[in-house]
Amino acid sequence: MVREDGKRNFALRESSGDESSVFSGNTPRQAALKAARRLDPGSSEDDADRVELELREKGTDKVHIYDGWAWEETAPDDKPDWMPSEITEANVSKKGIEHLEE
């Protein structure tokens, strides 16, 4: 279901099938990146643990599956005053789409 502003809502699915959080974005990848930023960050991108993220698009039976990981990084020199000196970066890699049979 697309909202008036063009964004779509994606529910983060646990392995049990529970949907704990909802992330919005124009694309599934944008929502997956938001979900990945909440993971426990590693000390670097290479050391970060890969976690499977399943995002069900609200209003459909599509489940977008990604591998996501997060890591700590030093903020850029031109950062705004409110930004901390250490920030969490994230990345995702799409594995595929499944359809729910409910």
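**A five-stranded sheet and its helix**

Hi everyone, let me start with one pair of residues: L12 stands opposite L55 in β3. That pair belongs to the pairing of β1 with β3, which is antiparallel and has four bridges. Please keep in mind that this is a predicted model.

Staying with β1 for a moment, is this strand mostly covered or not? It is: five of the six residues of β1 are buried. On the β2 side, β1 is joined to β2 by six bridges, and the two run antiparallel. If you want to find that pairing on screen, look at R13, whose bridge partner in β2 is E19. The two strands make a hairpin with five residues between them, and in the turn you will see G17, which has a positive phi of about 100°.

Now let's zoom out to the sheet. What is the strand order? Reading across, we get β2-β1-β3-β4-β5, an open sheet of five strands with antiparallel pairing. The edges are β2, residues 19–25, and β5, residues 86–99. Each of these has a single partner strand, so one side of each is left without a neighbour in the sheet. On average, and ignoring direction, neighbouring strands here are turned by 35° against each other.

And the helix? Helix α1, residues 28–36, packs on this sheet and touches β1, β2, β3, β4 and β5. The direction of α1 makes about 130° with that of β5.

Over at the β5 edge, how many bridges does β5 share with β4? The two pair over 13 bridges, again in the antiparallel sense, with β4 covering residues 62–74. A handy landmark there is D67, which has S93 in β5 as its bridge partner.

A quick word on the aromatic rings. The count of aromatic pairs comes to zero. There is, however, a charge over a ring: the charged end of R50 sits over the ring of W69, 4.0 Å from the ring centre.

My last stop is a glycine, G42, in the loop between α1 and β3. Is G42 buried or exposed? Its relative accessible area is 14%, and because the cut-off for buried is under 20%, G42 counts as buried. So who is around it? Leaving out residues up to four places away in sequence, G42 touches A48, A70, W71 and E72. There is also a longer-range relation to look at: G42 and E89 are 47 residues apart along the chain, and their C-alpha atoms are separated by 9.8 Å.

That's my tour, thanks for listening!

How values were computed. Residues numbered from 1 in each chain as written. Predicted model: local features only at pLDDT ≥ 70, side-chain atom pairs only at ≥ 80, totals over all residues. Heavy atoms only, no water. Pairing = 2+ DSSP bridges. Axes fitted to C-alpha atoms, helices over the stretch in contact; angles between N-to-C directions. Contact = heavy atoms within 4.5 Å. Buried < 20%, exposed > 50% of the residue type's maximum accessible area, 1.4 Å probe, protein only. Phe/Tyr/Trp six-rings, centres within 6.5 Å; stacked < 30°, edge-to-face > 60°. Lys NZ or Arg CZ within 6 Å of the ring centre and 35° of its normal.
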